[in-house]
Amino acid sequence: MSTQVLFGQLLVGLINGSFYALLALGFAIIFGLLGIINIAQGTFYMIGAFGGWMLLNYFGLGYWWGLLLAPLIAGIVGMALEKTLISRMYKLDHIYGLLLTYGLMMFIMGTFIYFFQTAPRPYPVPPELQGGYNLGFMFLPKYRAWVVLVSLTFCLGTWFVIEKTSVGRNLRAATENPMLTRAFGINVPALLTFGFGIGVALAGLGGVLAGPIYSVSPIMGGDLVIVVFAIVVVGGMQSILGAVITGLSLGVLEGLTKVFYAQGANMVIFVIMFIVLMVKPAGLFGQEK
Amino acid sequence: MTTSTSTTDTKISAPPVRGTDYAWYAAGLLVLLIVPFFIYPLFAAKVLCYCLFACAFNLLLGTSGLLSFGHAAFFGSAAYICGHALKEWGLPFELAAILGTLTAASLGLVVGVVSIRRQGLYFAMVTLALAQMIYFMAFQMPFTHAEDGLTAVPRGKILGLFDLNNLYVLYYTAAAVFVIGYALIVRITNSTFGQVLKAIRENQPRMISLGYSVNNYKLVVFILSAALSGLAGATKTMVVQLASTVDVHWATSGDVTLMALLGGVGTLFGPVVGGVIVESLQFYLADSGLPIQAVIGAIFVVCILLFRHGIIGEYQRLRGKH
């Protein structure tokens, strides 16, 4: 086996890992804060990608505008849905939250398929990021390096905001004890809306970044979200850092599996989840309640 | 915050089980008998398979409160095994269906052992992820024929006598399977075993302190639910002569959840109503050009927002039977 193949798949793994990390991070924030399993996380990834594509094709706004606006669009759509529908689920059995987001996912995905069909649509790499570097042992396309860089920056940035700033402190307080946090005069419902917006905006960001690599299609997030589930279970449901680390490393592991045992590549993450559940049910970074 | 919802609204709860109501069962049997004279028998048979699937799913959710989001794995794996047994091994339908059911049951054992280690939402996620693993396996295994699926599965003869290609024989066979499955589910729900499960759902710590091995109870009902889902899947393969990756896809798990929810989670008859509605919708919308997936999603959302107890559940509440 050539090192070319090995490093090539390693890079693919790292890229997928970046997307996993972004989606899993957003998922973990939403779950920790709202207690909602957001099955529609992959749908917001798709909305992000379509946002970029639509901005380009309908408004002539290029990649950089897309990168800025598409996550915002995903976030705003998310916040509107939280305010109108999802917030009604907080007082009910948690299962209803999961079912509601499932219904939303079906609705949004079905509508997109109706209008855009399932065929992938190309979304070009911006001219600034075309080409690549020859590292001697492999060729590194600029755009792929950029994807990894942006994802890592946003993952670490989000972690920093949550752990080190006053906004993050409020968020964590609302996660820990919403009633007490409200008693201190902090607007918890607004915080929940905001948290949901951030969570899905991260997925939207993943979507725009993925556009030039995987093309844009209504079904692009459907299966991805289940992989994200597995990652979050492995990482430990509420652990922010766990989601990021697990996302990246399982992406890489998946890439490596493609080199050594291609048939198992789709399944390796689920096998890992299986093992982790047997050995440490709370997840690698989680704590048993 | 306090006025709109009563406390019972916050849990997925089943109404207490009534004594058997023989008049209703007799009426139901009568309807089952005359249906093929009014509705295309093949379609009716297919609907019955999905109704049984929904009832099997509901057996788990309604009694134990465990929401499995991966029941397509059991339905689909049995569909494949039954299809393979019919087509490649030339087994009669009875044996093929038993094989499929056993496969689903053993898969249920494996998935159950892992997933009941977690509760509530975690349980739903783990079952979904494990089912996705089965989905990918369905693409990899040689005998499933990946995207093509098992097509033109021969139906054979039932009891070695009656040709299943006769649509009426086909329908009554499916109806018989449905009645057997449904009777089993009613029996299990009303048994002391079913009562223990409900008690576990209501107050798990108390049941543990009373000396019940809670996880064993959950595992057994999980396997039973998986096996009956398998029976439904196997029969479906025989009816439509096809087993494909659609059967193991997560959308199938979603559909069956909607059936139970729409009809009424925890009611015995609800999933049948839900199954008939969802299957009929898919059948009649297929020609209308409307996006089926979006319509199903919208129904899901409306159902959760407006009538969480489902059609039968709301009916029972109105009648004051709750």
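Helices (H or I, at least four residues) and strands (E, at least two) are DSSP runs, counted off from the N terminus. Everything in these views comes from a predicted model.

**View 1. Chain A from end to end, with its elements in order.** Starting at the N terminus, chain A goes α-α-α-α-β-β-α-α-α-α-α-α-α. That gives 11 helices and 2 strands. Box in the C-alpha atoms along the principal axes and you get roughly 60 × 50 × 35 Å. For 289 residues, a compact globule would have a radius of gyration near 19 Å, and chain A agrees, with 19 Å.

**View 2. Inside and outside of chain A.** Of its 289 residues, 55% count as buried. Take the contacts between residues at least 6 apart in sequence, and 77% of them join residues at least 24 apart. On the outside, chain A exposes about 12,000 Å², with carbon and sulfur atoms supplying 69% of that. As for charge, there are 13 positive and 8 negative side chains, and the centres of the two sets sit 6 Å apart.

**View 3. A:Asn38, in the loop between two helices.** Look for A:Asn38 in the loop of chain A that links α1 (3-34) and α2 (41-59). Is A:Asn38 buried or exposed? Its relative accessibility is 1%, and buried means under 20%, so A:Asn38 counts as buried. Its side chain has a couple of polar partners to pick out. A polar atom of the A:Asn38 side chain lies 3.2 Å from the backbone nitrogen of A:Ala40. The A:Asn38 side chain also makes a polar contact with the side chain of A:Gln41, at 2.9 Å. Skip residues up to four places away in sequence, and A:Asn38 still touches A:Phe27, A:Ile30, A:Phe44, A:Thr101, A:Phe196, A:Val200 and A:Val225.

**View 4. A:Tyr123 and the residues around it.** A:Tyr123 belongs to the loop of chain A between α4 (94-116) and β1 (132-134). This tyrosine is buried, with a relative accessible area of 4%. Which residues does A:Tyr123 contact, leaving aside its neighbours within four places in sequence? One set is A:Gly52, A:Trp53, A:Leu56, A:Gly62, A:Tyr63 and A:Gly66, and the list goes on with A:Val208, A:Gly211, A:Pro212 and A:Val216. To get your bearings, find A:Leu248, which is 125 residues from A:Tyr123 along the chain, with 24 Å between their C-alpha atoms.

**View 5. Chain B as a whole.** Chain B has 14 helices and 2 strands. Its radius of gyration is 19 Å, close to the 20 Å that the globule rule gives for 322 residues, so chain B is as compact as a globular protein of that length. Its C-alpha atoms fill a box of roughly 55 × 40 × 40 Å along the principal axes.

**View 6. Inside and outside of chain B.** Buried residues make up 56% of the 322 in this chain. Among contacts in chain B with a separation of 6 or more, 77% are between residues 24 or more positions apart. Chain B exposes about 13,400 Å², and 68% of that comes from carbon and sulfur atoms. How far apart are the mean positions of the positive and negative charges of chain B? With 18 positive and 13 negative charges, the two mean positions are 14 Å apart.

**View 7. B:Thr101 on helix α4.** B:Thr101 is part of helix α4 (residues 93-115) of chain B. This threonine counts as buried, at 17% relative accessibility, since the cut-off for buried is under 20%. Its side chain reaches the backbone oxygen of B:Ala97 at 2.7 Å. Beyond its neighbours within four places in sequence, B:Thr101 is in contact with B:Ala78, B:Ala227, B:Gly230 and B:Leu231.

**View 8. B:Ala124 and a contact with chain A.** B:Ala124 is in helix α5 (residues 120-140) of chain B. At 2% relative accessibility, this alanine counts as buried. Set aside its neighbours within four places in sequence, and its contacts are B:Leu67 and B:Phe69, plus A:Leu98 from chain A. For another landmark, B:Gly275 is 151 residues from B:Ala124 in sequence and 21 Å away in space, C-alpha to C-alpha.

Notes. Residues numbered from 1 in each chain as written. Chains lettered and ligands numbered in written order. Predicted model: local features only at pLDDT ≥ 70, side-chain atom pairs only at ≥ 80, totals over all residues. Heavy atoms only, no water. Rg over C-alpha atoms; globule rule 2.2 N^0.38 Å. Buried < 20%, exposed > 50% of the residue type's maximum accessible area, 1.4 Å probe, protein only. Contact = heavy atoms within 4.5 Å. Areas by Shrake-Rupley, 256 points an atom, 1.4 Å probe, with all protein chains shown as cover. Lys, Arg positive; Asp, Glu negative; His and termini not counted. Charge placed at Lys NZ, Arg CZ, Asp CG, Glu CD. Polar contact = N/O pair within 3.5 Å; in protein donor to acceptor, adjacent residues only side chain to side chain.
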